[in-house]
Amino acid sequence: MIRAFGARKVREAEAPLLAAGVPLMERASGALALAVLRLLGGSYGRRALALVGRGNNGGDALFAAAFLARRGMGVAAVVAEGAHGAGLAAARAAGCAVLDVADIDAVVREAARADVWIDGILGIGARGGLRGPFASLVERLEGSREGSALLPEAGRSAGAGPLVVAVDVPSGIGTDDGAAPGPILRADLTVTMGAPKPGLLLDPARRYAGRVETADIGLCLSAAARAAGCAALDVADIDAGFPSPDLVSIERADLPLLWPVPGPSSHKYTRGVVGVAAGSASYPGAGFLCVDAALAAGPGMVRYAGTLGSAVVSSCPEAVLGEGRVDAWVIGPGLDREALARAEPIVDGLRSEGWTAPAVLDAGALAWAERGMTPATVLTPHAGELAALFSRLGIEGSREGIAACPAAAAKLASEFTGATVVLKGPVDVVVSPGSPVYAQSGPAWRAVAGAGDVYAGLLGALLAAGLEPARAAAAAACVHGLASENGPMRASDIVRNVPAVVRAALAGGGSEEGSGYHAPGASASAFHMRRARVSGGRRPMQKIDECARTAREES
Ligand SMILES: NC(=O)C1=CN([C@@H]2O[C@H](COP(=O)(O)OP(=O)(O)OC[C@H]3O[C@@H](n4cnc5c(N)ncnc54)[C@H](O)[C@@H]3O)[C@@H](O)[C@H]2O)[C@@H](O)CC1
Ligand SMILES: [K+]
């Protein structure tokens, strides 16, 4: 599970440590310098260009620049007025050249010689996109990078120009909401301090982050940090005091804790009955796929209540027709006008119960979304459907606006309706009242007709089993993504892959928490969560402190 923390919680975690004199910036810059050395495979004959903003993000970059210069690297720092004083002094003392950001031609010349650019312009203190001279510089630099305009999402290989390492976050992204206003340097690697930030997991900002490494600097925000030494910082009851993450991403290794598994006394009704009102004469496939996917997730029973009747049973003999018990409804995939009318009494029933019964409203059924719903109802629009929903509810929000900030759009939709909202896209964003936001990325192979019908079926099965709606939505998205890997594939292939994906995850086939995360199919965005060992071996924090000490002594 990846737990991400927004700027406020990071600052709250930093504050007592800074007050106690813990050298957080030394740790951060040490981790950054080590990451750069690892990336380049050494320091001799290498050149680095550090872009240094006015705040502490620039401070991290300057101390790392000093460290790298002492290791034999040719380093230039590009600064504006007001750069971090101690950091600048350290960089100068270590022999770094210092360039003024206003001298843009000299900076671009130096940039062309560098093997790595270190982006320390803005961190979690950014308000809006890059402005001023650094904005112009980043535009020039980004424009000069081979292939970056042609392959905006494909990532880059070493040798295709300088590598870019972002400090904490790519400068100018929305740390908390994943927005990407203004020019942003596309990083190959982001070294994020203390804990991942939500913007590194959310579209569109995550596309600028490249691979993400979390540097453990001792903030009490993660299990790794706790193991590595938070206890020594006199946090009396660490579990009670742990802040809840602002954003969570479920991984394969989390599925055994989430996925409903029958016990010795289970029977079909305890495992949950999914009711499906999907498919129609105009769009029959959606009904079959939705029922098939619900069955693949392993509920007790799937009851089909759409207009396709026995045709569904011929294709999926396990499906049951006729009225009866339903624990969670899936309504909407592939409903034409007639089928929508047939589904209306089911929706009336849900409304008359105050929207408290678990249900998925997808596709055409999103037309029934309204104020006064509860988190038990899960709305599953893609950006276009959410724009239509906003327009019907009198909320301003175009499709483009939604794509520019999906997390904020999903939040707005959830706040307005009271429902759980899953905004589907390259990253599925789940927002539910009282729950952390979930972000689940999936491979682009799943951008195929019918994949949404499959998702709705999976989700219905998890709701019927009694999972809390936000977790159900995130777990379904996780499995949907894993089942879509290694394409090309059609929607029915995704369904076919689901049992094997779940089986492998339940058998422990997933990666251990923290051992590594690669956003499925998203080559330009991958997480590598560095994990401290509880016992044995040196802890990363100690190693970073040692490096920082060495740097101090050498200077
Ligand atoms: N407090 C500390 O000692 C630590 C801070 N750390 C680093 O410090 C960063 C946060 O530092 P700060 O709070 O100083 O914030 P930043 O370094 O992100 O930048 C704040 C400065 O940028 C300016 N600014 C804000 N938005 C701008 C925009 N859109 N365009 C141009 N200028 C803009 C502000 O006026 C302010 O001067 C973290 O991201 C992390 O890299 C880490 O080293 C850990 C320790
Ligand atoms: K940065």
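Okay, let's start with what surrounds ligand 1: the shell splits into 11 nonpolar residues, 10 polar ones and six charged ones. Keep in mind that this is a predicted model.

So who sits around that ligand? There are 27 residues in total, and the ones that come nearest are Gly55, Asn56, Asn57, Gly123 and Gly125. If you look for elements that put in two or more residues, you'll find helix H1, at 7-19, helix H2, at 24-40, and H3. Which of the elements gives the most? That's H3, with four residues.

Now let's move over to the strands, and I'd begin with S2. It covers residues 47-52, and five of those six are buried, so we can call the strand mostly covered.

What does S2 pair with? On one hand there's strand S3, residues 74-79, running parallel to S2 over six bridges. If you want a spot to click on, take Leu49 and go to its bridge partner in S3, Ala76. On the other hand there's strand S5, residues 116-120, also parallel to S2, this time over five bridges. Here you can click on Leu51, whose bridge partner in S5 is Asp119.

One last piece, and it takes us back to our helix. H3 spans residues 56-70, and together with S2 and S3 it makes a right-handed β-α-β unit. So, if you're finding your way around on screen, H3 is a handy place to start: it belongs to that unit with S2 and S3, and it also gives four residues to the shell around ligand 1.

Key. Residues are numbered from 1 along each chain as its sequence is written. Chains are lettered from A and ligands numbered from 1 in the order in which they are written. This is a predicted model: local features need pLDDT of at least 70, side-chain atom pairs count only at pLDDT 80 or more; totals for chains, interfaces and linings use all residues. A residue is buried if 20 or more other C-beta atoms lie within 10 Å of its own, exposed if 12 or fewer, and partly exposed in between; C-beta atoms are placed from the backbone. Two strands pair if DSSP finds at least two bridges between them. A crossover is right-handed if, with the strands pointing away from the viewer, the path from the first strand over the helix to the second runs clockwise. A residue is near a molecule or strand if its C-beta atom, placed from the backbone, lies within 6 Å of it. Ala, Val, Leu, Ile, Met, Phe, Trp, Tyr, Cys and Pro count as nonpolar, Asp, Glu, Lys and Arg as charged, and the others, Gly among them, as polar.
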